[in-house]
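Student: I would like to learn how to read helix packing and burial from a model. Please take me through an example.

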Amino acid sequence: MALLVHQQMPSSPISFRNHDISSCAIFKLQLNHRETPFNTKRKTSSSGWKAKASWQELAGVLIFSAIPFTAVKAIANSPLGEKLQRRLGEKKMDAAKNYLKRKEMSENARKESRWYGEERPRWLGPIPFDYPAHLTGQLPGDYGFDLAGLGKDPVTLQKYYNFEILHARWAMLAALGVVVPEILDLIGTFHFVEPVWWRVGYSKLKANTLDYLGISGLHLAGGQGVIVIAICQVLLMVGPEYARYCGIEALEPLGIYLPGDINYPGGILFDPLNLSKDTVAFEELKVKEIKNGRLAMVAWLGFYVQAAVTGEGPIQNLVDHISDPFHKNVLSILDSL
């Protein structure tokens, strides 16, 4: 993931505004300004924050975002694309048979696994409880928790799972982007001027220019306004996700066959280590993934609260607590508010 280094930041603080967590995994800024708006009294800025973008910038973003889709279409209609599709047609039937065989093996693996079926662990453990009948243990991470009955409809339940695994993966990726810069800065591997994650959005709301990788004058998106960056993010995220949602056949015009489903496409692109070959281990990996993803989503709630209350990053909060646990804790922070 790329690191962005911020050159200069004006002194007038503004109130904290949340930004999409995925941007934390992609961009990390370094700020010369150490003052945090959370540790000082609220101030109002007469100038406000700038979010203007010229039509040339917007047009450039749209044209740039259209390049991948145009390239896919061009390759698919070219002689090379036709050759790739013919080669795929020859292998697709065998690949489909292998997929059906592996799917059957996965179902058998779930029957033997302790994480699936009626004997799987429940969220209340040994405590007796009338668990929902519509949660049968067929999905990874099904602990029988649905107090609101949101998953009574099987179609709706599958949609909720699709959304959950999607957000879980983004949360894990974004959490990595939050803690890594702070850790590198603390251990001295790479010194940032300001490694706190929320300053990314803070600086762009102040219309500051950002240097890519800290190289002075190298502005890929750092010189753009927040509107242009928001449009870039929507196009870069929504485009691929929409293609994934449309079906795993989306890459077949390029001769790429994905043997899995919408959540686990598999193939050389999404399973380069061929982890799905061992179906028993792969079914357990699915459970581990959703468990860690849920933990990451909860962690993000903590990131937001910590930023709003302390103005520091999560690693710095942890270091402060370890150094003085009796005076640096939740109770002391709440008492100081």
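Tutor: What follows covers a helix pair, a core and a buried residue. This is a predicted model, in which local features need pLDDT of at least 70, side-chain atom pairs count only at pLDDT 80 or more, and totals for chains, interfaces and linings use all residues. Residues are numbered from 1 along each chain as its sequence is written, and side-chain values use heavy atoms, with hydrogens and water left out.

Student: How is the packing of two helices described?

Tutor: Two packed helices are described by the angle between their axes and the distance between the axes. Here helix 4 (residues 154-187) and helix 9 (residues 314-323) have axes that come within 8 Å and cross at roughly 55°. Helices are DSSP runs of H or I, at least four residues, numbered from the N terminus; axes are lines fitted to C-alpha atoms over the stretch in contact, with angles from 0 to 180 degrees between N-to-C directions.

Student: Which residues of helix 4 and helix 9 make the contact?

Tutor: With contact meaning heavy atoms within 4.5 Å, helix 4 uses Val-178, Val-179, Glu-182, Ile-183 and Leu-186, and helix 9 uses Pro-314, Ile-315, Gln-316 and Val-319.

Student: What does Val-179 contact?

Tutor: Leaving aside neighbours within four places in sequence, Val-179 touches Phe-303, Pro-314 and Ile-315.

Student: Is Arg-110 buried or exposed?

Tutor: Buried means under 20% relative accessible area, exposed over 50%, partly exposed in between (1.4 Å probe, protein chains only). Arg-110 has 19% relative accessibility, so Arg-110 counts as buried. Arg-110 sits in helix 3 (residues 79-112).

Student: What follows helix 4?

Tutor: Gly-188 follows helix 4, with a positive phi near 85°.

Note on methods: Helices (H or I, at least four residues) and strands (E, at least two) are DSSP runs, numbered from the N terminus.
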